[in-house]
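Here are my notes for a first look through this model. Have it open beside you and take the points in turn.

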Amino acid sequence: NSTREKRKLVQIYHPDLDVNTVERLSLINDLKQAIPAGELELHFQPKMCLKTKTVTHAEALVRWQHPTLGMVPPDNFIHIAEQTGQIKALTRWVFITALDQYNAWQEQGIDLNIAINVSAENLKENDFHHFICQSIMAAKVPAEKITLEVTESSVVEDPEAAIKLLAEFKDYGMKISIDDYGTGYSSLAQLKQLPVHELKIDKSFIQHLEHDEDDQIIVRSTIELAHNMGLHVVAEGIEDEFALNWLAAHGCELAQGYYISKPKPAMELTPWLLAQLTIQDVEEKV
Ligand code: C2E
Ligand code: MG
Ligand code: MG
Ligand code: MG
């Protein structure tokens with residue numbers, strides 16, 4: 001499967017091959033300015049409940065509007081932020097901005113659970129738990145309306161510390177999701193110990209579902225495994241109707257992907273979300 005080969009290849013890093021070193025150095029420098037200069041932007045991507053076909057969740061995804069380079073995607077700067085310690089400020093900005101948007105949507109009658117991506121580096125901050133709980137309380141957002149997405153690989157890095165911290169978040173009422181599930185080589189023993197609510201299957205297993213029987217087998221067994229462990233399943237990377245219907249038929253709870261909606265600024269998403277609410281109203285009355 002070509003997607004999975006590609007995923008392995010990007011991990012083989014050699015400086016001689018890095019033609020973007022100059023651009024990278026300038027990104028390291030410019031990123032320091034990005035938050036104070038207001039260059040970060042938050043987009044949101046809906047997740048659809050496959051049972052009711054309604055949008056019940058949205059994931060916050062950061063973008064960087066660079067003054068000369070234009071839109072820099074997160075895959076090009078999150079790892080820099082992690083290496084330079086700027087991920088601490090970045091995650092906090094994302095978190096506060098997402099809580100504000102939660103409240104803004106509530107005022108417009110849009111009730112969504114908001115997911116925020118948390119980096120492995122954040123899990124090492126000694127006041128991370130305090131910050132998260134404090135800001136949720138200050139924004140008066142119910143904890144169960146927030147999902148923390150933690151990648152499988154960041155949990156594998158230091159399982160004991162991750163388990164302890166995630167358990168505290170879970171006790172506080174937040175939902176915990178294991179992002180990019182299937183790419184991080186966690187063992188079943190680790191998975192069993194993780195205080196989480198859901199597995200989010202990586203898009204590389206979902207994008208080619210229609211024509212890749214191996215992916216179908218993997219996804220079917222993952223859904224079964226998750227359900228046997230009392231966990232919900234989210235699939236990301238739904239790009240066609242086949243994947244959407246297949247996942248619904250196989251009991252997957254939530255779906256996210258370009259076929260449903262691309263990540264968009266809240267301003268652009270709101271009319272679409274309101275239209276979905278109207279359609280539901282009409283359907284309920286018929
Ligand atoms: P992720 O958390 O796994 O997010 C899903 C990524 O898949 C997003 O890319 C989303 O736009 C993309 N995606 C969703 N549906 C589809 C689809 O149907 N097809 C395809 N081809 N792609 C789809 P994005 O926004 O570029 O983000 C990439 C990664 O950057 C995220 O992966 C996450 O690991 C990281 N990231 C984004 N925002 C944040 C953030 O605020 N904090 C942290 N720590 N990481 C972030
Ligand atoms: Mg995510
Ligand atoms: Mg993911
Ligand atoms: Mg990912």
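The points below go from the metal ions to the ligand, then to a pocket and a few single residues.

1. First, a word on what you have in front of you. This is a predicted model, so please read every distance and angle below as a value computed from predicted coordinates.

2. Which residues hold the magnesium ion that is ligand 2? The protein donors are Glu59 and Glu149, each through OE, Asn117 through OD1, and Asp179 through OD. They lie 2.0 to 2.2 Å from the ion. If you want to pick them out along the sequence, the spacing to look for is E-x57-N-x31-E-x29-D. This site also ties together distant parts of the chain: Asn117 sits in strand β4 (residues 113-118) and Asp179 in strand β6, 62 residues apart.

3. Now compare how open those two donors are. Is Asp179 buried or exposed? With a relative accessible area of 5%, Asp179 is buried, since the cut-off for that label is under 20%. Asn117 comes out at 28%, and so counts as partly exposed.

4. The other magnesium ion, ligand 3, is coordinated by Asp179 and Asp180 through OD atoms, and by Glu236, which is listed twice with OE. The distances here run from 2.1 to 2.8 Å. Along the chain these donors follow the pattern D-D-x55-E. Again a pair of donors joins distant stretches: Asp180 belongs to strand β6 (residues 175-181) and Glu236 to strand β8 (residues 232-236), with their positions 56 residues apart in the numbering.

5. How far apart are the two magnesium ions, and which residue coordinates both? They are 4.2 Å apart, and Asp179 is the bridge between ligand 2 and ligand 3. I'd start with Asp179 when you go through the metal sites, as it is a donor to ligand 2 and to ligand 3 too.

6. Asp180 deserves a second look. Its phi is near 55 degrees, a positive value in a residue that isn't glycine. Why mention that? Most residues other than glycine have a negative phi. Asp180 lies in strand β6 and is partly exposed, at 23% relative accessible area. Glu236, a fellow donor to ligand 3, is buried at 8%.

7. On to ligand 1. It is surrounded by 22 residues, and the closest are Arg63, Asn117, Asp179, Glu239 and Tyr258. Two of those names should be familiar by now: Asn117 and Asp179 are also donors to the magnesium ion that is ligand 2.

8. Some polar pairs help to place ligand 1. One of its nitrogen atoms is 3.1 Å from a side-chain N or O atom of Gln45. A nitrogen atom of ligand 1 is also 3.1 Å from a backbone N or O atom of Val62. On the oxygen side, a polar side-chain atom of Glu236 lies 3.2 Å from an oxygen of the ligand. Glu236 therefore turns up both here and among the donors of ligand 3.

9. What is the volume of the second largest pocket? It is about 400 Å³. Of its 22 lining residues, those closest to the centre are Thr56, His57, Leu112, Asn113 and Leu254. Strands and a helix share the job: β2 (54-66), β6 and α12 (266-285) each give two or more residues to the lining. By class, the lining has seven nonpolar, nine polar and six charged residues.

10. Helix α12 also carries Met267. At 75% relative accessibility, Met267 counts as exposed. Its C-alpha is 9.3 Å from that of His43, although the two residues are 224 apart along the chain.

11. Lys140 is another residue with a positive phi, near 55 degrees, and it isn't glycine either. You'll find Lys140 in the loop between α6 (128-138) and β5 (146-151). It is exposed, with 71% relative accessibility.

12. Last, Ser154, in helix α7 (residues 152-157). It is buried, with a relative accessible area of 6%. A polar atom of the Ser154 side chain lies 2.9 Å from the backbone oxygen of Thr151.

Technical notes: Residues numbered from 1 in each chain as written. Chains lettered and ligands numbered in written order. Predicted model: local features only at pLDDT ≥ 70, side-chain atom pairs only at ≥ 80, totals over all residues. Heavy atoms only, no water. Donors = N, O, S within 2.8 Å, 3.2 Å for Na, K, Ca; no water. Helix = DSSP H or I, 4+ residues; strand = E, 2+ residues; numbered from the N terminus. Buried < 20%, exposed > 50% of the residue type's maximum accessible area, 1.4 Å probe, protein only. 1 Å grid on protein atoms, 1.4 Å probe; cavity = no way out; pocket = protein on both sides within 12 Å on 5 of 7 lines; lining within 4 Å. Points joined across faces, edges and corners; volume = space filled by probe spheres on them. Nonpolar A, V, L, I, M, F, W, Y, C, P; charged D, E, K, R; others polar. Near = heavy atom within 4 Å. Polar contact = N/O pair within 3.5 Å; in protein donor to acceptor, adjacent residues only side chain to side chain.
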